[in-house]
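Visitor: I would like a close look at a single part of this protein. Please take me through one helix slowly, and then show me how the rest fits around it.

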Amino acid sequence: MTQRKLRLGAFIMATGHHIAAWRHPGAQADAGINIDHYIALAKTAERGLFDQVFVADSPGIKHTGDEESFSRQGRMSHFEPVTLWAALSAVTRHIGFVATASTTYEDPFLLARKFASLDHISKGRAAWNVVTTSADSVHGNFGLAAHPDPAVRYERAHEFVDVVKGLWDSFDDDAFVRDRASGVYFDPQKLHKLNHVGKHLKVEGPLNIERPPQGYPVIVQAGSSEDGKELAAATAEAIFTAWTSLAEAQAFYSDVKGRMAKYGRRPEELLVLPGISPVIGRTQEEAEAKWAELQALIHPSVGLATLAPFWPLDELQRWDLDAPPPYYPEPPKGVNSRAHVVIELARREGYTLRQLYEYLAGARGHWVVIGTPETIADRMQEWFENGAADGFNVMPPVLPQSLDEFVDLVIPELQRRGLFRTAYEGSTLRENLGLARPESRYTHAVKAA
C-alpha cells in the first residue's frame, strides 16, 4: 500500500466530453439545464469517492465554425457554475465543487463574496478555477471595445487573486463571538479593510461575510502556457492541464513545480491533474466498439470546427479530409498551449484531418484512453508513479453512462492497487486533497512581528 494517493476530479461537461455525446443514447440530451441530471452525477461521483466535481465555464458563447456546425453544437445552454454547486452542495456531504470564474470579466468583490458564500453553504467544499478567458468573442458582453492581450490578462490575474484572498481575510477566524449574554455579536478589532490600490484594481473592502471555513476556497488554475504556469506556481493549489504523452506530461510536471520556490512555495503545495477521457469496456473489443459508435456520430462540419482555432476554417474546407493538415502555423495568440498540444499530436501521429478531428472530438486534445478497467488503471498508475501527475481530471465521454462505468469498474481496480482511497479522509475539500488551511494575512503579519 502506497502512502501517496491519487487525487481525482470529475470534469462534468453536461452531456459528456465527446463532441457528439448529446446524440448518444447513453447521454441526457438536455443535460445543460437539467438539475436532476447534475444531482445524479454529483451523487455518483461522491459514491466513487472523487475529491471534486468541476465544470468549465465562459462568460459568453464561443464558436469558430460556420452556421452548419453551429446548429449541431450540444453545449449551447448550461447553468452558471456557482449557482449550480450551491444547489448540489445541499444533496451531498463530502465531494468538493470547482467553479470557473474569470479574472478578466468578473468583479473581485462580487467574486470573493460568491465563493465565500459557496464555501459556507457547502461547509468547506468550494474551489475557484482561476481563468483569464482566452475567447475574444465575449468582450462585447461587458461593454469593452476589445479582448485584452494575454500579458495584460495574466498581469491582472495575479493582482486579482491577491485582492480576492485579501477580501476573504476581512474577518479574523474568531471575529464572531455571538455572545447572547453580553450582547456582543462580533469584535470590530478583528475586522480589516483591504484598501487595495493597484495597477488594475482599486478595492476598499471589507467583505460582508465572515472568513470561509477553508480559510480560502481551494485555488485551481487551468492552462499550460508560460503565463499560465507562472500564475499556477504563484497562486494555485491544483492545476488542470492537457497532455497526450508521458514525456510531455513529465516535462510539464517538473517545469511548473520547479517554478514554485521563487514564490516561497513547496512542490507538494500544487497538485498537477492532467485530463483523461476513458472509454471503458469489459474487453478491449467492447471499448473499441464504444469508441467507434461515438465517432460515427460526428458530423464533418462539427469535426472541422474543432480544428478552426488552429487553422483557418476556409482553408480546411477546401482540403481532403483524408490528407494531412494543410500546414502548421504558429499557434494563434491566446490559445498557445492548446495549439501546441494539437500541432504536436498531428505531427507525432501523422494524422489526417479526419483522424485529427476525430481524436479531438473525444476530449479537445486531452488524453483519450480506450480499454478495459485494468488497462486504464495501468496507464493512470504509470503517469502517477513516474512524475507526470498527482491525480487526474476524469473527463467522461458520455454522461451519465461513462461516469457510472468509471465508478463501477475503474475505481475498484485503483483501490485494489492501493492507489485510491476507500473512504474520505476529512469533511472539507482541503482535508481530502491533503492541502493545508491558509492563515489570514493579518494573523501571519502578527506572528511575523
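Guide: We begin with one helix and then widen the view. Keep in mind that this is a predicted model.

Find helix 13, residues 373-385. This helix has 13 residues. From its first C-alpha to its last, helix 13 reaches 18 Å, close to the 18 Å expected at 1.5 Å a residue. Now pick out its buried residues. They are P373, I376, A377, M380, Q381, W383 and F384. These residues cover an arc of only 165° around the axis, which puts them on the same side of helix 13. Look at the spacing in that list. An α-helix has 3.6 residues a turn, so residues three or four places apart point the same way.

What lies over that buried side? The cover includes strand 1 (7-11), strand 11 (271-280), strand 12 (367-371) and strand 13 (391-394). Helices take part too: helix 7 (246-258) and helix 14 (401-416) are included in the cover. Just past the end, helix 13 is followed by G387. The phi of G387 is positive, near 65°.

Next, compare helix 1, residues 35-47. Helix 1 has 13 residues and reaches 18 Å from first C-alpha to last, close to the expected 18 Å. Its buried residues are H37, Y38, L41, A42, T44, A45 and E46. They pack against strand 1, strand 2 (52-55), helix 3 (81-89) and helix 14. Two of these names should be familiar. Strand 1 and helix 14 also help cover the buried residues of helix 13.

Now move to the strands. In strand 9 (residues 218-222), 4 of the 5 residues are buried, so this strand is largely enclosed by the rest of the structure. Strand 4 (residues 126-131) runs parallel to strand 9, and 4 bridges join the two. One pairing to find is A127 with its bridge partner V218 in strand 9. Strand 10 (residues 238-241) is also parallel to strand 9, joined by 3 bridges. There, A222 stands opposite F240 in strand 10.

For an antiparallel pair, turn to strand 5 (residues 176-179) and strand 6 (residues 184-186). They are joined by 2 bridges. D179 stands opposite V184 in strand 6. This hairpin has 4 residues between the strands, and its G183 takes a positive phi near 85°.

One more helix is worth a stop. A305 sits in helix 9 (residues 300-307). At 8% relative accessibility, A305 counts as buried. A305 and Y357 are 52 residues apart in sequence, yet 8.6 Å apart in space, C-alpha to C-alpha.

Finally, step back. The domain assignment gives domain 1 as 7-285 + 364-433 and domain 2 as 290-361. Their centres, taken over C-alpha atoms, are separated by 26 Å. The protein has 16 helices and 13 strands. Its radius of gyration is 22 Å, close to the 22 Å that the globule rule gives for 449 residues, so the protein is as compact as a globular protein of that length. The C-alpha trace spans about 75 × 55 × 40 Å along its principal axes. Buried residues make up 55% of the 449 residues. Among contacts between residues at least 6 apart in sequence, 78% join residues at least 24 apart.

Note on methods: Residues numbered from 1 in each chain as written. Predicted model: local features only at pLDDT ≥ 70, side-chain atom pairs only at ≥ 80, totals over all residues. Heavy atoms only, no water. Pairing = 2+ DSSP bridges. Domains from an automatic or database assignment. Expected span 1.5 Å × (residues − 1). Buried < 20%, exposed > 50% of the residue type's maximum accessible area, 1.4 Å probe, protein only. Arc of directions from axis to C-beta. Contact = heavy atoms within 4.5 Å. Rg over C-alpha atoms; globule rule 2.2 N^0.38 Å.
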